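Me: Could you take me through one part of this model slowly? I'd like to see how its pieces pack together, and I'm new to this.

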Amino acid sequence: MKAIMVGVDGSSYSEVALRYAIEIADLPGAGVVGLAGVAGDFDGEEPLAEHEVEEVEGLESLPTTVVGWFQRAMDECAEACRVAEVPFTARMLAGHPTRVLTRESQAADMLVLGCKGRRDNDMELLGNTARDLIRSCIKPVLVTRGAHRPVKRALVGYDGSPSSGHAVEWVADLAAAGGWEVAVITGAMPGSELAE
């Protein structure tokens with residue numbers, strides 16, 4: 001594993017996602033890529049801050065307050081990675097966050113995304129961005145909530161498909177590096193070929 005991509009938007013949910021990305025990246029010695037998809041209708045109001053990013057593409061037409069908001073978020077990500085001694089690369093690209101993250105995550109090993117979501121019974125459990133990324137991203141996606149808690153156990157669903165087999169292998173590799181417990185859940189009947 002070489003790169004864990006994390007969606008950056010300056011929110012506390014993005015910060016939690018970064019903490020998980022750092023924790024996972026540290027296991028195999030990977031780096032973290034902070035990616036901000038900056039849409040033209042973002043309403044952040046932070047002043048422009050100085051920050052060197054590896055790639056700033058298509059942002060020239062956006063207000064400096066918008067770009068400044070994301071630059072500040074990237075600074076915070078860079079500092080957290082520096083403290084954890086995990087390599088960090090910052091990227092800011094103009095465009096809808098879902099489309100930008102889906103496209104750019106193809107070059108990473110995993111995408112980590114903070115999700116505010118909803119907890120009401122009559123509301124969706126995932127926000128639009130997280131839901132759309134889970135459907136469209138071809139790489140593993142970790143959607144985080146609440147506060148960061150170090151990973152100690154992982155739960156993997158297995159249905160006999162190649163995708164679920166890949167998920168089991170992928171989690172097993174991380175679990176071995178991190179000393180996690182892993183449980184595999186399947187709906188197979190006891191004694192069936194799938195259960196075996």
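## A close look at β5 and its neighbours

Reply: Of the 196 residues in the protein chain, 37% are buried; buried means under 20% relative accessible area, exposed means over 50%, and partly exposed lies in between, with a 1.4 Å probe and protein chains only. This is a predicted model, so local features need pLDDT of at least 70 and side-chain atom pairs count only at pLDDT 80 or more, while totals for chains, interfaces and linings use all residues. Residues are numbered from 1 along each chain as its sequence is written, and side-chain values use heavy atoms, with hydrogens and water left out.

Let's get our bearings. The protein chain holds 5 helices and 8 strands, arranged along the sequence as β-α-β-β-α-β-α-β-α-β-β-α-β. Both kinds of element are DSSP runs numbered from the N terminus: helices are H or I with at least four residues, and strands are E with at least two. A contact means heavy atoms within 4.5 Å. Among the contacts with a separation of 6 or more, 72% join residues 24 or more positions apart.

Now for our chosen part, strand β5, which spans residues 110-114. This strand is mostly covered, with 4 of its 5 residues buried. Which strands pair with β5? One is β1 (residues 3-7), which runs parallel to β5 and is joined to it by 3 bridges. Another is β6 (residues 141-144), parallel as well, with 4 bridges. Two strands pair if DSSP finds at least two bridges between them. You can follow these links through Leu111: the bridge partner of Met5 in β5 is Leu111, and the bridge partner of Leu111 in β6 is Val141. As you look, remember that in a regular strand the side chains alternate between the two faces of the sheet.

Next, turn to the helices that meet β5. In α4 (residues 128-136), Ala130, Arg131 and Leu133 are buried. Those three lie on the same side of α4, because they cover an arc of only 165° around the axis; the arc is that of the directions from the helix axis to the C-beta atoms. The buried residues of α4 pack against α3, β5 and β6. On the face turned away from that buried side, α4 carries the exposed residues Asn128 and Arg135.

Helix α3 (97-104) also packs here. Its buried residues are Thr98, Val100, Leu101, Thr102 and Glu104, and they pack against β1, β2 (31-38), β4, β5 and α4. Put side by side, α3 and α4 each have buried residues that pack against β5.

How does the chain get from α3 to β5? Look in the loop between them, where you will find Ser105. Is Ser105 buried or exposed? Its relative accessibility is 0%, so Ser105 counts as buried. Leaving out residues up to four places away in sequence, Ser105 touches Met5, Leu111, Cys137 and Lys139. Notice that Met5 and Leu111 are the bridge partners we met in β1 and β5. Ser105 also has a polar atom of its side chain 3.1 Å from the backbone oxygen of Thr102. That fits the idea of a polar contact, a pair of N or O atoms within 3.5 Å; within protein, one must be able to donate a hydrogen and the other to accept it, and residues adjacent in sequence count only if both atoms are side-chain atoms.

For a comparison, try Ser14 in helix α1 (residues 12-26). Ser14 is buried, at a relative accessible area of 5%. A polar atom of the Ser14 side chain lies 3.3 Å from the backbone nitrogen of Asp9. Beyond four places in sequence, Ser14 touches Gly7, Val8 and Asp9.

Finally, a word on how far to trust the picture. The predictor's confidence in each residue is its pLDDT, from 0 to 100. The mean pLDDT of the protein chain is 81, and 79% of its residues reach 70 or more. Over residues 41-55, however, the pLDDT is below 50, although that stretch has 30 contacts in the model beyond near neighbours in sequence. Residues 118-124 also stay under 50, and the model gives them 6 contacts beyond four places in sequence. Where pLDDT is low, the predicted coordinates should not be read in detail.
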